[in-house]
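Q: Please take a close look at the largest pocket. How much space lies in the largest pocket, and which residues lie nearest its centre?

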Amino acid sequence: TPVRAAHFFAQTGHESGEFKAFAENLNYSAKGLRGVFGKYFPTDVIAAQYERQPEKIANRVYANRMGNGDESSGDGYKFRGRGFIQLTGKDNYTAFGKSINEDIASKPELVGTQYALLSAAWFFSKNCLKKCVDASDATVLAVTKCVNGGTIGLEDRKKHFKEYYNLLA
């Protein structure tokens with residue numbers, strides 16, 4: 001439906017920086033780490049040890065969740081956000097791979113190259129499509145939480161939803 005399509009394009013457009021970024025940019029300053037990932041960087045001292053080190057940042061932020069191993073496993077960076085919806089975590093990569101009958105967990109870079117759109121459509125359909133009930137701001141909020149786990153970029157997502165919905169409706 002136009003509502004569902006507008007939600008999909010608004011979310012994927014935001015997550016991918018207007019369909020230009022196919023892998024998560026984790027090149028944060030210490031201040032940025034504290035602002036975006038404060039839970040994982042509770043002090044300035046800790047944040048300073050990680051700033052401008054994307055691989056190290058991903059391994060800390062995504063450790064021990066979404067099927068990833070601990071920080072030293074390297075899974076956080078290996079399975080960082082990729083594709084138009086920034087698919088994240090070993091569990092998501094593995095499940096997406098099973099859905100297309102390909103071992104994506106051993107070739108995670110394919111999510112950001114060959115499968116940028118398909119991985120986004122798979123994740124959105126599996127997890128968020130049922131939340132796309134109408135064109136309200138409350139629905140944009142619910143879909144944003146489904147995609148992002150929080151509300152980062154909510155105003156931008158609302159703006160894009162309205163733009164896409166006006167084009168599609």
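A: Helices are DSSP runs of H or I with at least four residues, numbered from the N terminus. This is a predicted model, in which local features need pLDDT of at least 70 and side-chain atom pairs count only at pLDDT 80 or more, while totals for chains, interfaces and linings use all residues. Residues are numbered from 1 along each chain as its sequence is written, and side-chain values use heavy atoms, leaving out hydrogens and water.

The largest pocket (an open set of points on a 1 Å grid where a 1.4 Å probe fits, with protein on both sides within 12 Å along at least five of seven lines) holds about 850 Å³ of space, the volume filled by probe spheres set on the points. Its lining, residues with an atom within 4 Å of a point, numbers 29 residues. Nearest the centre of the largest pocket lie Glu15, Glu24, Phe37, Tyr62 and Asn148. Two elements, α1 (2-15) and α8 (137-148), each give two or more residues to this lining, and α8 provides the largest share, three residues. By class, 14 of the lining residues are nonpolar, 10 are polar and five are charged; Asp, Glu, Lys and Arg count as charged, Ala, Val, Leu, Ile, Met, Phe, Trp, Tyr, Cys and Pro as nonpolar, and the others, Gly among them, as polar.

Glu24 also leads to Tyr77: the two are 53 residues apart in sequence, and their C-alpha atoms are 9.5 Å apart in space. Tyr77 belongs to helix α5 (residues 75-78). Its relative accessibility is 27%, so Tyr77 counts as partly exposed, between buried (under 20%) and exposed (over 50%), with a 1.4 Å probe and protein chains only.
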